[in-house]
Amino acid sequence: MAFLEVKDLKKSFGGAEVLRGLSFSLEQGQTLSVIGPSGGGKTTLLRCLNFLETADGGRIAVAGETIFDASRGVGLSEAERRKNRLHFGLVFQSFNLFPQYTALENVTLAPRLLAGTRERERLAEIEAEGAALLKRVGLGEKLRSYPHQLSGGQQQRVAIARALALRPEVLFFDEPTSALDPELTGEVLRVIRQLAEEGATMVVVTHEMRFAAAVSSQVLFIDGGAVAEAGPPEQIFGSPREERTRRFLSQLADG
Ligand SMILES: Nc1ncnc2c1ncn2[C@@H]1O[C@H](COP(=O)(O)OP(=O)(O)OP(=O)(O)O)[C@@H](O)[C@H]1O
Ligand SMILES: [Mg+2]
């Protein structure tokens, strides 16, 4: 069984079916890139996997544990959603840092809440781990900076450190560089690439095709709420089997 298994995931908003039975799997330590046209359901997929939305159908299993199975009911409690979410980390396009907190406070907030303690030793440990994470994303000098004092690329790297702080089993990115100027894109992609090389298990929704080709072990092309084609990057970018994939990629090349 794969490390992450997503089977037949479905989600409708009102009458509109946005995910129409979407399936994929991912092995531990692999990076999956998700590409596809706007409105195809990529963000909805990540939101369902992170229990910001609840899917209407399908099954999600991680590390051998089924954490969502619609056939057993979809009415999750807030506590269940929060527990399920701990398997995963999510980095948004728009960083979503807390503006009133420093970089270090942004990274340590969730671990502090989860630890639920005032014990000084444990808090010092959490702080040291947060500082190490910020150092890992190249921000060892910015621990006490507030988001407005950081560039977009630096803010996104804080967001990555924050997502790593609870040691997620799978890390998800939703177009992590599309809000950034081109010169800041590289520094964020380098961090993601470094995580891939260190063996993180990741799903990256991206428009950066060169990055997807270089870093991912698998590429998923999502169109109309379902997987239209999946395969290694050499297949998807080199000789796509589906006409829809070919059309999408050639439109990008023209644009
Ligand atoms: N909360 C919601 N309520 C109603 N419709 C929604 C909601 N969220 C998403 N949708 C619709 O679902 C469809 C898929 O949206 P989604 O954001 O998942 O696409 P996407 O593939 O991430 O697109 P993009 O590349 O532009 O980010 C769209 O038609 C969108 O309008
Ligand atoms: Mg999206």
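These are my notebook entries on the fold, the core and three residues of this structure.

**Setup.** I am working with a predicted model, where local features need pLDDT of at least 70, side-chain atom pairs count only at pLDDT 80 or more, and totals for chains, interfaces and linings use all residues. Residues are numbered from 1 along each chain as its sequence is written, chains are lettered from A and ligands numbered from 1 in the order in which they are written, and side-chain values use heavy atoms, with hydrogens and water left out.

**Overall fold.** I looked up the secondary structure and got nine helices and 10 strands in the protein chain; helices (H or I, at least four residues) and strands (E, at least two) are DSSP runs, numbered from the N terminus. The radius of gyration is 18 Å, close to the 18 Å from the globule rule for 255 residues, so the chain is as compact as a globular protein of that length. That radius is over C-alpha atoms, and the rule is 2.2 Å times the number of residues to the power 0.38. Along the principal axes, the C-alpha trace spans about 55 × 45 × 35 Å.

**Burial and contacts.** I find that 50% of the 255 residues count as buried (under 20% relative accessible area, with exposed over 50% and partly exposed in between; 1.4 Å probe, protein chains only). Of the contacts (heavy atoms within 4.5 Å) between residues at least 6 apart in sequence, 64% join residues at least 24 apart.

**Core.** I then pulled up the largest nonpolar core, which has 33 residues. Such a core is a set of buried Ala, Val, Leu, Ile, Met, Phe, Trp, Tyr and Cys residues joined through side-chain atoms within 4.5 Å. Leu134, Val158, Ile160, Phe173, Ile192 and Met202 have the most contacts inside it. Elements giving two or more residues include helix 5 (152–164), strand 7 (170–174) and helix 6 (182–197). Helix 6 gives the largest share, seven residues.

**Gly40.** I located Gly40 in the loop between strand 3 (31–35) and helix 1 (42–49). Gly40 is buried, at 3% relative accessible area. Its C-alpha is 4.7 Å from that of Gly224, 184 residues apart along the chain. Beyond neighbours within four places in sequence, Gly40 contacts Val18, Ile222, Asp223, Gly224 and Gly225.

**Positive phi.** Most residues other than glycine have a negative phi, and I noted two with a positive value. Asp8, in strand 1 (residues 4–13), has phi near 55° and is partly exposed at 36%. Ala63 has phi near 50°; Ala63 sits in the loop between strand 4 (57–62) and strand 5 (65–69) and is partly exposed at 40%.
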